[in-house]
Amino acid sequence: MPSFVQELRSAVTGRAAVLVIGTLVLQLAFIASYVGAFHSPRPRDVALGVVAPRQIAGQLVQRLDGLPGGPLDPRAVEDGETAAVRKVRNRDLDAALIVDPRGTVDTLLVASGAGASLAQATEAVLTRAEAAEGRTVRVRDVAPAAAGDARGLTAFYLVVGWCVGGYLCAAILAISAGARPANPHRAIIRLGTLALYAAGAGLLGTVIAGPVLDALPGSILGLWGLGTLVVFAVGATTLALQGLAGIVGIGLAIAIVVVLGNPSAGGAYPYPLLPPFWNALGPALPPGAGTWSARSLAYFNGNGLAPSLLVLGAWAVAGVAVTMACAGLKRREKNPEE
């Protein structure tokens, strides 16, 4: 009869042990990333425009900039309330304070379409700061979230769904036909299949969030195009990682998209409420770029869209390039005479 140690070695291979340990590391990273990002949200460097008479504007900006903890990044807006509204709607500012020199009630312009938690946090900071000066604020939402979009989270959840579809589609292709394409032709077929899937997923996700549930406004064509790009970028990245690391590439894709990307995407807490690490990382990853883009399309007429689309495009192009390069290398390994 085989000993217990022999049975254990037969049942649990070295490769299986490594994969289990890797899964544990991924799980702990997931916990650390989400808890680290969300356990203590507070505003940092909220881009605030200040509209005030020239003789007091500089002093007011300096006072707001010196608030404990640095919650605000104020700057004077010289062209009045109209310019401040335009800057908020263009996503150049997160909020704007309009000072009434003839009274004690000032107006705070916010955009809850960019995330209700950011609007509320900014209001809380300025309410305290104004109260210290014997003044009050009233809030005016210049880019409100839709009635069916509770707290402005629909864009985030839509993008998360698109990201999940992207790496699952790539993972299924790997499981069914091998992690690494045998040659460039096979790689092209996988990428083509992914592109078709991305177009379908982008359209269906848009229809569900928009016309079906009435949870997200905005151009159906615009959101469809964004969804297609998000799904393809994540899927192509997953294919590339599989080409580099085999089946382990699926875990690497989850680490990038889910472990790092989702908590830093600016969904539940927009960027100014996240700790510095996640604040800096989010815009460079597909979930963050996708969430910013979806909100821009839904509530800001596409303003501020270009940088996030470039990020998504870069992930897509890099994924395609690495996937094709890995397929070419594998073919040469099998046929060294070529």
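**Exercise 1. Which strand does β1 join, and how many bridges hold the pair?**

Solution. The model is predicted. Take strand β1, residues 46–51. Five bridges join β1 to β2. The two strands run parallel. For one pair in register, take Leu48: its bridge partner in β2 is Pro74.

**Exercise 2. Write out the strand order of the open sheet and find its edges.**

Solution. Start with the order: β2-β1-β3-β4-β5. That makes five strands in an open sheet, with mixed pairing. Next, the edges. β2 (72–76) and β5 (136–141) each pair on one side only. Then the twist: it averages 25 degrees from one strand to the next. Last, add the helix. Helix α4, residues 80–89, lies across β1, β3, β4 and β5. Its angle to β3 (95–98) is about 165 degrees.

**Exercise 3. Is Asp106 buried or exposed? Locate its contacts.**

Solution. Place the residue: Asp106 is in strand β4. Check the area. The relative accessible area is 1%. The cut-off for buried is under 20%, so Asp106 is buried. Now the polar partner: the Asp106 side chain reaches the backbone nitrogen of Asp100 at 2.9 Å. Beyond four places in sequence, Asp106 also touches residues including Leu97, Glu130, Arg135 and Arg138.

**Exercise 4. Which residues touch the most other members of the largest nonpolar core?**

Solution. The core has 47 residues. Those with the most contacts to other members are Ala84, Leu109, Trp162, Leu216, Leu226, Val230 and Phe232. Follow Phe232. Neighbours within four places aside, Phe232 is in contact with Leu191, Leu194, Ala195, Ala198, Ala316 and Val320. Another core, of 23 residues, lies apart; Ala57, Leu64, Ala95 and Ala121 are among them.

Key. Residues numbered from 1 in each chain as written. Predicted model: local features only at pLDDT ≥ 70, side-chain atom pairs only at ≥ 80, totals over all residues. Heavy atoms only, no water. Pairing = 2+ DSSP bridges. Helix = DSSP H or I, 4+ residues; strand = E, 2+ residues; numbered from the N terminus. Axes fitted to C-alpha atoms, helices over the stretch in contact; angles between N-to-C directions. Contact = heavy atoms within 4.5 Å. Core = buried A, V, L, I, M, F, W, Y, C linked by side-chain atoms within 4.5 Å. Buried < 20%, exposed > 50% of the residue type's maximum accessible area, 1.4 Å probe, protein only. Polar contact = N/O pair within 3.5 Å; in protein donor to acceptor, adjacent residues only side chain to side chain.
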